[in-house]
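Colleague: Before I plan my reading of this model, I should like a close look at a single part of it. Please choose one element, describe its setting in detail, and set it against other parts of the chain where that helps.

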Amino acid sequence: MLGEGAAGWSRALLVLGVIGLAASAVLAPLGAESFFRGYLVNLAFFSSLALGALFFVILQHLTRAGWSVVVRRMAENVTGAFGALGVLALPIVLAVLLGAPAALHHVYHWTDAEHVAHDAVLRGKSAYLNGPFFALRMLLYFGLWIALAGFYARLSREQDRTGDAELTTRMQARSAPSIILYALSLTFFSFDLLMSLEAHWYSTIFGVYYFSGSALGFFALLAGSMHLLQRAGYGRESFTQEHFHDVGKLVFAFVVFWAYIAFSQYMLMWYGNLPEETGWYLTRQRGPWLVVSFLLLFGHFVVPFLLLISRYPKRHPRALVWLCAWVLVAHWIDMFYLVMPHNLPAEAGTEAQAAPLLLTDVLQCLTALVGIGGVFGWAVLNRMRSAALVPLRDPRLPESLAFHNI
């Protein structure tokens with residue numbers, strides 16, 4: 001486990017998080033809609049990292065993987081942030097549940113009863129898109145993720161203490177139903193938090209899109225964390241070049257998978273040429289949002305694809321960590337791309353215009369990044385201080401330590 005020195009870092013992150021959240025709240029009167037959108041960008045981003053970690057934990061038990069044992073504990077530590085993220089989701093949940101303030105109506109149009117009354121599409125979806133049901137679903141999502149993360153982390157740490165190999169069997173037995181619950185909850189979470197921002201628009205693979213970014217973001221975070229731990233003197237004999245190589249391969253694989261899903265969604269909607277589908281993309285191809293679209297194309301796919309296709313960066317942690325930092329920034333821009341672009345209210349008979357990117361938008365995104373990121377880092381570091389950084393008595397630990405790429 002981390003030494004006492006990490007306690008200072010943990011407290012510093014918590015203080016930084018509180019300062020960031022306070023700054024975001026202070027700036028809210030300058031633009032309440034910017035506050036909600038900036039908060040959503042970062043809630044979706046950090047939730048995606050924890051969801052990617054939970055996927056990795058469940059998948060390793062489902063496939064009975066041996067190579068990943070020494071890095072699995074890091075994923076278990078990241079899932080420890082679900083409790084904090086559930087608390088951080090409360091401002092959005094309570095605002096939707098109470099139907100206030102008015103600025104929220106411009107973010108989630110379905111929260112405005114007067115708007116819904118004059119919109120046939122939203123009236124048809126009102127049985128699902130309403131404040132109480134939204135709040136209940138969010139409670140179920142975070143409750144489920146906290147329970148799943150707690151189950152795997154608790155048994156893994158108990159095995160450190162007892163060495164009972166039967167605990168591995170129990171975790172494997174629960175992995176198949178867990179992955180199904182995970183897939184359903186992540187999909188509907190992405191629908192509720194992100195896709196419902198424009199409730200007239202829908203994509204049947206939006207959940208897969210959010211999942212692909214979640215997994216990619218976590219694998220990038222995992223590689224960076226392994227390198228930083230080794231720089232701090234931890235895991236030098238546990239995390240080998242072979243483990244960096246495999247994590248690098250996962251980053252590369254999900255760079256490609258994300259691009260495949262993103263292009264599939266875009267291509268099918270664009271050549272279908274239906275206004276209710278293409279309008280979502282038209283908004284993101286106007287004004288400053290077009291720049292963001294190109295940043296995603298090149299930053300999220302082209303650059304990491306070309307650099308990670310080689311074997312070299314995957315086997316050299318210093319090179320890999322910079323590429324993974326790039327991927328994490330690109331993933332954050334992806335959440336920005338999903339949440340921030342929107343159309344201004346249009347008068348009858350006129351074409352909707354994309355809203356400009358305001359200074360308050362940028363400020364709220366950055367303060368919420370510091371705020372939610374600080375609390376997220378505090379939660380993860382606290383979990384890392386409470387147990388060994390690798391599963392000490394996992395029956396597959398010798399296999400993981402001896403792992404070698406062919």
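Modeller: A helix here is a DSSP run of H or I with at least four residues, and helices are numbered from the N terminus. The model is predicted. A surface element may serve as a point of contrast. V87, L90, L94, L97 and L98 make a nonpolar surface patch of about 470 Å², and helix 5 (residues 90-98) gives the most to that patch, with four residues. L97 lies in helix 5. Its relative accessible area is 39%, so L97 counts as partly exposed, a class that runs between the 20% limit for buried and the 50% limit for exposed.

The part I have chosen is helix 3. This helix spans residues 69-79 and is mostly covered, with eleven of its eleven residues buried. The buried set includes charged residues as named in the sequence: R72, R73 and E76 are among them, together with V69, V70 and M74.

Helix 3 also meets a second helix. Its axis and that of helix 11 (residues 206-231) come within 10 Å and cross at roughly 115°. Because of that angle, helix 3 is roughly perpendicular to helix 11. The crossing of helix 3 and helix 11 is right-handed.

The side chains of helix 3 reach another part of the chain as well. D394 and R72 meet in a salt bridge, at 3.2 Å from N to O. R72 belongs to helix 3, whereas D394 lies in the loop between helix 17 (359-384) and helix 18 (397-401), so the pair ties together parts that are 322 residues apart in sequence. D394 and R72 are both buried.

A search of the whole structure finds nine salt bridges, and two others are useful for comparison. The side chains of R137 and D192 meet at 2.6 Å, N to O. This pair links helix 9 (residues 131-162), which holds R137, with helix 10 (residues 166-193), which holds D192, across 55 residues. R137 and D192 are both buried.

K249 and D246 form a salt bridge with their closest N and O atoms 3.0 Å apart. Both lie in helix 12 (residues 241-272), three residues apart, or about one turn of the helix. K249 is partly exposed at 35% relative accessible area, while D246 counts as buried because its relative accessibility is 11%.

Returning to the chosen part, salt bridges that share partners join R72, R73, E76, D160 and D394 into one network.

How values were computed:
Residues are numbered from 1 along each chain as its sequence is written. This is a predicted model: local features need pLDDT of at least 70, side-chain atom pairs count only at pLDDT 80 or more; totals for chains, interfaces and linings use all residues. Side-chain values use heavy atoms; hydrogens and water are left out. Buried means under 20% relative accessible area, exposed over 50%, partly exposed in between (1.4 Å probe, protein chains only). Helices (H or I, at least four residues) and strands (E, at least two) are DSSP runs, numbered from the N terminus. Patches are made of residues with over 30% relative accessible area and no salt bridge: like charges are joined within 9 Å, nonpolar side chains (Val, Leu, Ile, Met, Phe, Trp, Tyr) within 5 Å. Accessible areas come from the Shrake-Rupley method with a 1.4 Å probe; for residues, only the protein chains shown count as cover. A salt bridge is a side-chain nitrogen of Lys or Arg within 4 Å of a carboxyl oxygen of Asp or Glu. Axes are lines fitted to C-alpha atoms, for helices over the stretch in contact, and angles run from 0 to 180 degrees between N-to-C directions. Angles under 35 degrees count as roughly parallel, over 145 as roughly antiparallel, 65 to 115 as roughly perpendicular and the rest as oblique. A crossing is left-handed if the near helix is turned anticlockwise from the far one by less than a right angle, and right-handed if clockwise.
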